[in-house]
Amino acid sequence: MRPLMLLSPIALAIVTTTSPALFAAEQTTAKKQPEVITVTGSRIQRTELVSSSPVMSVDEVQIQLDRAVNVEDITAKLPQAAAGANSTGATVGDSFGSSTIDLRGLGQNRTLVLIDGTRAVPFSFRNSVDVNIIPAGLIKRVDVLTGGAAAVYGADAVAGVVNFVLNDDFNGAEFSSSYETADGGNEKLNFEAIFGGDIADGNGHVTGYLGYSERKELLAGERDFALKNSATMINSGGFYTDVASGNSIAINDAGQTVAERQTSDFTRQRYLTQPMERLSAGLLFDVDVADSAIAYGRAMYSKVTVNGAGASGQTPIFVNEQVTLSQDNQYIPAALRQQLTFDTEGNALVNVERNLGLGVQHTKAVRDSLQFQLGLKGDITDYLRYDIYGQYGQTDEVATLYNNGYKTDSNGNSRFASLANTKDIFDPNLDLSSFSDPLIYTTRERTQSVFAATLSGDSSPLFELPAGYVDFAIGYEYRKETGKQTPGDAFRNRTSFAAVSAFDMDASFSSEEFYAEILVPILADMPFVKELSFEGAYRISNYSNTEAEDTYKLGINWAINDDIRIRANKLTAFRAPNLGEFASPITALSLALFDQNSDQFVPRLAGRYDGDPCLLGTGDATQCAAFGAPAAGSVFDTSQAAYTYGGNPDIKPEQAESDTLGVVYTPSYIEGFDLSLDYYSIRVTDAVSQIQPGAALQSCYIDNPNPNNPLCNAVLRDPNTGFISTAIVNDFNLAAIEQTGFDLAANYVFDAPMDLGGRFRFSYQGNFITEQTRQNNSTVAEVDCKGTYGSACSGDFASILQADYKHRATFDWQLDTMNFQLGWRRIGEVDYAVDRSETISAQNYMDFAASWQATDDIAVNFGIDNLFDKAPPTPEVGANHFNTVSDYSVIGRTVGIAVRYSPHF
């Protein structure tokens, strides 16, 4: 056996959630030299699947039981993962049409995503990885590493690491198809083919895959909870106001003139979940090219097409502008003509507010992602190994906006005003489809290049400690990332009907890093010390765009006996500002897009702005007067205010410290049982984030009404009117973010009663948060974020739920050819971060799954998620997605079936 044949460059292993029996099954030993592996959280190759790093995992069997079509289907059930960007599109930002991972709710940009131990290519300028590019059917295992791992993997591993281990040693062929549906939509269809086998006379191996998947939309009209508090907008009949006299009149949908302004509700037509289509293909290989050289690599490609709300939302386009109506205009209704004031030239200036009747807007994003990797590894001697690889990844994206159009012609004149006297603009059925043009919103290119070389081995030729040899790894890594965005001309020049713009960007950065790791056996085979070892790592980093910090890891792994193992780590991490944080220009949007009382409101932007406390009467009167705010009850037109966001060239890198302490219990006297309990503490200083206007106003005028409160400067007022003029939501360094908690995992496999047969298996993974705080500035008090929801505790708005308890528990009945599983997912009770009197009760979801090995070649999986069709909670305040919180599933019960055909040749 070639010791390294089946290893990826940085192979990963489960260390905490797998039963001892499975450990034994996976470990193989060659006759002359033990096969070496690399465990999660370390680059040192070793012969045991143990480490000081706490790792939680999901194995291939569970992934198949869950009938996972997309990686989102897997990560959504992890207790350690917050929602991130997901199929709802509720947290679009820089993540449109994607699925991202947000470990522990600390931000998707603080979670490092790996494929077989090396970086996945990001798609966004915020360094997020769209995990939907990873083929779910080829995943052997998903490992979640807690805490800062920057000393091992480099920057970005602040909250932790999620590693997708692919089945690169697959043999034979497998064809699979799955179908899943929910009431009213969100159907999922998947086809996948996987093949693999030896090449080069058994000196190599190749695995390939080809897949297609599709997800249909789920419209808001299919769910009653989504229709509550529906926002309305002006109808297509219109509302007409004579500027000179102030007289006004409206036209209803039947074409009749009425006194009151008429509105329409388009909520039913909006996307509750986004339709997606994905084509993916890839190849993984390794082959002996010499006695001590194995060439390996991978090529992965995916094309993802998503339709959704996009930056402009889905509100139909409308006009609200002054036009000149001629007295001889034959289309003016008689009732309106009587209200108009014509001048001596026979013209009347009229403000027209009218829906153009083009339907809801939607944005189509087409994202092509590819990554190539090529490496060489092998044994230099029996005690020294090398691993050198290079990889290149690129993501190209084109986002196109539909049911919108150019507001002005090439001369800058209003297109609508130009036809006011030639078309019957008062007819609610007037065909204005000529206004609709597919508009390129942005084109984007994101690249990542990595070169790394690692030398690893042990001290056997030099010395041996009483407990064994010292293992080590040293290496070098170079990385360059680029990002380029070009807006469509309508959004660069702000000539579309959408109240959004886009920016030009062309930026890059590079890094060079040297790293070293050591594993020192201290004691072995002594009373109360079966094994005691020390792990250390140190990384020296140099970044082109910021001052980098060195990082380290100190770890202890103490096996008291065969039953109990204790592990502890102290780690530091650093995160360099990403492309969006240091290079993105400042962009302005209308504050009306965030105002639920505005016709321009975009539902997915809910929760960022909840009104001006001074106008609502909830703010401190003295503080409001000090800043010149208008009197309570004053009417504020938020379309006159700006919401600015973007990067900051002066941003500093983040620093983080993590501590973990855990115990792994595998009692020999309870066969099939294992348990792990890990404490963790993560503290991030100089955390890069944003403060949403709602949180800034809450702090300035309610929680801490002090004129010197620095958060007051995040929302500026017009010196003449006192109304809000600008909400500044740019990136900057906060004081600190901190979270402490426990991860608990347990597995128990035991024989079922004789009359039932088979075996039972109980599995549990839970996350308990004991403390979570966010300090927006060193001069203001910390915000208690433990067990909360809302934007006050979220910076990037990828996830706004900070539940202090989450778990997934499953109970299996395993027979020879069948397995039945009942699952229970729970999200603990949370309070609104701004007002603790508003509470969302704990949410419980029950799932059922079954698998059947029908023949040697055919396997069938069936399942029902959310067995009792539980609807998401609808809090009175703080909702950000159709009256609920986007971290909760909006789909309801889903029923699915999957079939796998594995022919034996």
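Select Tyr701 first, in what is a predicted model: with a relative accessibility of 3%, Tyr701 counts as buried, because buried means under 20% relative accessible area. Keep Tyr701 shown and add Phe627, and you will see an edge-to-face aromatic pair whose ring centres are 5.9 Å apart and whose planes make an angle of 75°. Colour the surroundings of the two rings and you will find Tyr701 in helix H12 (residues 693-703), while Phe627 lies in the loop between helix H11 (621-626) and strand E33 (642-646), so the pair ties together parts that are 74 residues apart in sequence. Phe627, unlike a buried residue, counts as partly exposed, at 28% relative accessibility.

**More rings**

Next, select Tyr476 and Phe514, which form an aromatic pair that is tilted, with 5.0 Å from centre to centre and 50° between the planes. This pair, too, links distant parts of the chain, since Tyr476 belongs to strand E27 (residues 471-487) and Phe514 to strand E28 (residues 505-526), 38 residues apart. Is Phe514 buried or exposed? With a relative accessible area of 49%, Phe514 is partly exposed, because that class lies between the buried limit of 20% and the exposed limit of 50%.

Now select Tyr665, Phe673, Tyr748, Phe750, Phe760 and Phe811 together, and you will have one aromatic cluster on the screen. In the whole model, the count of aromatic pairs comes to 19.

Two further rings are worth showing together with a charged side chain. Select Lys377 and Tyr296, where the charged end of Lys377 sits over the ring of Tyr296, 4.8 Å from the ring centre. Then select Arg415 and Phe435, where the charged end of Arg415 sits over the ring of Phe435, at 4.7 Å from its centre.

**A buried threonine**

Move on to Thr551, which has its place in strand E30 (residues 551-559) and counts as buried, at 1% relative accessibility. Which backbone atom does the side chain of Thr551 reach? It is the backbone nitrogen of Ala151, at 3.5 Å. If you show the residues around Thr551, leaving aside its neighbours within four places in sequence, you will find contacts that include Ala150, Ala537, Tyr538, Arg539, Thr572, Ala573 and Phe574.

**An open sheet**

Switch to a cartoon view and select strands E3, E8, E9, E6 and E7, which in that order make an open sheet of five strands with mixed pairing. Strand E3 (55-59) and strand E7 (118-119) stand at the edges, each with a single partner strand, so one side of each is left without a neighbour in the sheet. Inside this sheet, strand E8 (residues 139-146) and strand E9 (residues 160-166) run antiparallel and are joined by seven bridges, and you can check the register by selecting Val144, which stands opposite Val162 in E9. As you look along a strand, remember that in a regular strand the side chains alternate between the two faces of the sheet.

**Two hairpins**

Finish with strand E15 (residues 239-242) and strand E16 (residues 248-251), which run antiparallel with three bridges between them; Thr241 has Ser248 in E16 as its bridge partner. Their hairpin has five residues between the strands, and there Gly246 takes a positive phi near 85°. From E16, continue to strand E17 (residues 257-258), which runs antiparallel to E16 and is joined to it by two bridges, with Val258 as the bridge partner of Ala250. E16 and E17 also form a hairpin with five residues between them, and Gly255 in the turn has a positive phi of about 85°.

Methods:
Residues are numbered from 1 along each chain as its sequence is written. This is a predicted model: local features need pLDDT of at least 70, side-chain atom pairs count only at pLDDT 80 or more; totals for chains, interfaces and linings use all residues. Side-chain values use heavy atoms; hydrogens and water are left out. Helices (H or I, at least four residues) and strands (E, at least two) are DSSP runs, numbered from the N terminus. Buried means under 20% relative accessible area, exposed over 50%, partly exposed in between (1.4 Å probe, protein chains only). A polar contact is a pair of N or O atoms within 3.5 Å; within protein, one must be able to donate a hydrogen and the other to accept it, and residues adjacent in sequence count only if both atoms are side-chain atoms. Contact means heavy atoms within 4.5 Å. Rings of Phe, Tyr and Trp (its six-membered ring) pair if their centres lie within 6.5 Å; planes under 30 degrees apart count as stacked, over 60 as edge-to-face and the rest as tilted. A charge sits over a ring if NZ of Lys or CZ of Arg is within 6 Å of the ring centre and within 35 degrees of the ring normal. Two strands pair if DSSP finds at least two bridges between them.
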